[in-house]
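Work through the exercises below with the coordinates open. Try each task before you read its solution.

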Amino acid sequence: MSGTVWEVAPDGGRPHGRSCAHLGLLPEPGTPRPAGPADCADCSARGWSWVRLRSCVTCGHVGCCDSSAGAHAYAHHLRSGHPVALSLAADEDWAWCFADEVFLVRSGGDRDPA
């Protein structure tokens with residue numbers, strides 16, 4: 001995977017010129033979104049609900065976003081060191097690099113990662 005279709009998104013709260021060392025982990029154009037489970041297994045095991053789901057691009061683990069009580073996608077990053085998660089929300093087309101703390105969007109895309 002070349003990672004050429006992904007770029008760091010502008011983020012008003014962070015300095016310009018940020019980069020991501022993990023673009024090569026992201027899927028090529030035309031690659032279907034990860035199917036993954038339709039829930040956060042960690043939240044389900046505790047009887048919790050979640051806000052949005054994220055899929056680890058390294059291993060496919062599905063966890064809930066930081067707006068959810070468990071923040072299990074971030075917890076997975078801390079445990080595993082896997083740097084990037086894709087949003088699984090149908091209305092979102094971006095990824096987050098935990099290691100470099102940047103939003104990643106498809107080149108030429110006009111979606112707002114917020």
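## Exercise 1: a cavity lining

Task: sort the lining of the second largest cavity by residue class.

Solution. The lining holds seven nonpolar, six polar and one charged residues. Here Ala, Val, Leu, Ile, Met, Phe, Trp, Tyr, Cys and Pro are nonpolar, Asp, Glu, Lys and Arg charged, and the others, Gly among them, polar. The model is predicted: local features need pLDDT of at least 70, side-chain atom pairs count only at pLDDT 80 or more, and totals for chains, interfaces and linings use all residues. Residues are numbered from 1 along each chain as its sequence is written, and side-chain values use heavy atoms, without hydrogens and water.

Next, place the lining. Of its 14 residues, Cys56, Ala73, His76, Ala85 and Phe98 lie nearest the cavity centre. Two or more residues each come from β2 (53-56), β3 (62-64), α2 (72-80) and β4 (84-87). Helices (H or I, at least four residues) and strands (E, at least two) are DSSP runs, numbered from the N terminus.

## Exercise 2: the two faces of α2

Task: find which residues of α2 are buried.

Solution. Take buried as under 20% relative accessible area and exposed as over 50% (1.4 Å probe, protein chains only). His72, Ala73, His76 and His77 are the buried ones. They share one side of α2, because their arc around the axis is only 155 degrees, taken from the directions from the helix axis to the C-beta atoms. This buried set packs against α1 (41-46), β2 and β3. The face turned away from the buried side carries exposed Leu78 and Arg79.

Last step: look just after α2, where glycine 81 has a positive phi of about 80 degrees.

Key:
1 Å grid on protein atoms, 1.4 Å probe; cavity = no way out; pocket = protein on both sides within 12 Å on 5 of 7 lines; lining within 4 Å. Contact = heavy atoms within 4.5 Å.
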